[in-house]
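Colleague: I would like a close look at how the ligand is held, with a word on the aromatic rings before that. Please take it step by step.

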Amino acid sequence: MATFDLIGSSPKFQAVLTDVDRIAPVDSAVLIQGETGTGKEVIARAIHEASPRRHNRFIALNCAAIPGALLESELFGHERGAFTGACTQTKGRFQMADGGTLFLDEIGDMPLELQPKLLRALQEQEFERLGSNQTVRVNVRVVAATNQELGQLVGKKLFRADLFYRLNVIPICLPPLRERVQDILPLTEFFVAKFAARLNKHIDLIPDEVMAVLKAHDWPGNIRELQNFIERAVLFWPGPVLRLPLDLRQPVKQSSERASRTLADADREHILETLKQTSWLIGGQDGAANRLGLPRTTLIYKMRKLGIETRRSPRVRPIRQLADEQRHAAASC
Ligand SMILES: Nc1ncnc2c1ncn2[C@@H]1O[C@H](COP(=O)(O)OP(=O)(O)OP(=O)(O)O)[C@@H](O)[C@H]1O
Ligand SMILES: [Mg+2]
């Protein structure tokens, strides 16, 4: 039984859930691909929860969030003294996930030089900790996810073909929300109920015209964007009827326009759109990171990777200007 909610009644999402049930009992590696916010981590957890491994741990590691030099130690652990600062022997995520599932998120960011060691761990279920020549044996199922086109990375020699095929034993493609419009109503109802309860509000009605706008919207940030959007709507509108914040009233894109775009294009466009809405403010309550539901550092990392340069937000006043303003305010008291 899943300990989290999996909402969606569309045939495409139901087909994914059928796949989850079918593949959960076996130990083969799974590769989940899909645009940002489509629910890759949610599906990885669902596979674990439906599997005989559910009594052991689900360990997640975001390969993009950890500097390449530290990733090997994070994955495989290290011996005391293996490198400067390694004061104690430490288990890696592979060992922590023994008997359970290891979720390798953003696998496309796995450094090339580390890929052979990961391949061996996947195939042989054994590895050595950094600084040790003693082999550690484990029993781990690996589920990997990416919002990059891994096949294209293989073509560009940025990802090893042998590792790609080893991970891609069972591929799962999560369709973007705009291709499963039928899920928007149950997801909206679910998020409205969730945030209303959390914010101690009562929302009884989602008007048809509001639903029509939500269904027509493109949702480049997929379920995460819808979730954040509903949270804002519930937070800002008083009264029992759900209303739309202004930023959704923008032209709806045609799906044909999207067909030729890569996952990275979709990510870039969504991040740029959110940055525009927040006047390039990244951190803080009103910043883009918060709206996207990402840690600030992850957003900055993604921006760098997608070639989006940071700009000074007009909403962030220089520290000196702030200090001057405070001095003036104090003087005029
Ligand atoms: N089917 C679903 N039902 C309810 N909530 C969902 C569903 N799918 C995703 N979510 C919610 O949407 C948010 C994004 O999901 P998740 O983190 O799994 O996406 P992701 O594809 O891993 O995104 P990213 O590529 O940015 O890492 C989470 O808050 C998750 O709880
Ligand atoms: Mg994720």
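**Aromatic pairs, then the ligand site**

Modeller: In this predicted model, the count of aromatic pairs comes to eight, with ring centres within 6.5 Å taken as the rule. One of them joins Phe76 and Phe94, whose ring centres are 5.5 Å apart and whose planes differ by 10°. An angle under 30 degrees counts as stacked, so the pair of Phe76 and Phe94 is classed as stacked. Phe76 belongs to helix H3 (residues 68-76) and Phe94 to helix H4 (residues 93-96), so this pair ties together parts that lie 18 residues apart in sequence.

Now to the ligand. The space that ligand 1 takes up is the largest pocket. Helix H2 (40-49), helix H8 (184-198) and helix H10 (222-236) are the elements that each give two or more residues to the shell around ligand 1. That shell has 18 residues, and Ile7, Thr36, Gly37, Lys40 and Arg224 come nearest to the ligand. By type, the shell residues divide into seven nonpolar, six polar and five charged.

Three side chains place an N or O atom at a short listed distance from an oxygen atom of ligand 1. For Lys40 the distance is 2.6 Å, for Arg224 it is 2.9 Å, and for Gln227 it is 3.0 Å. A polar contact requires a pair of N or O atoms within 3.5 Å, so the Lys40 pair, the Arg224 pair and the Gln227 pair each qualify. As for cover, ligand 1 on its own has 630 Å² of accessible area, and the protein covers 86% of that.

Notes:
Residues numbered from 1 in each chain as written. Chains lettered and ligands numbered in written order. Predicted model: local features only at pLDDT ≥ 70, side-chain atom pairs only at ≥ 80, totals over all residues. Heavy atoms only, no water. Near = heavy atom within 4 Å. Polar contact = N/O pair within 3.5 Å; in protein donor to acceptor, adjacent residues only side chain to side chain. Areas by Shrake-Rupley, 256 points an atom, 1.4 Å probe, with all protein chains shown as cover. 1 Å grid on protein atoms, 1.4 Å probe; cavity = no way out; pocket = protein on both sides within 12 Å on 5 of 7 lines; lining within 4 Å. Sits in = over half its atoms within 2 Å of the grid points. Helix = DSSP H or I, 4+ residues; strand = E, 2+ residues; numbered from the N terminus. Nonpolar A, V, L, I, M, F, W, Y, C, P; charged D, E, K, R; others polar. Phe/Tyr/Trp six-rings, centres within 6.5 Å; stacked < 30°, edge-to-face > 60°.
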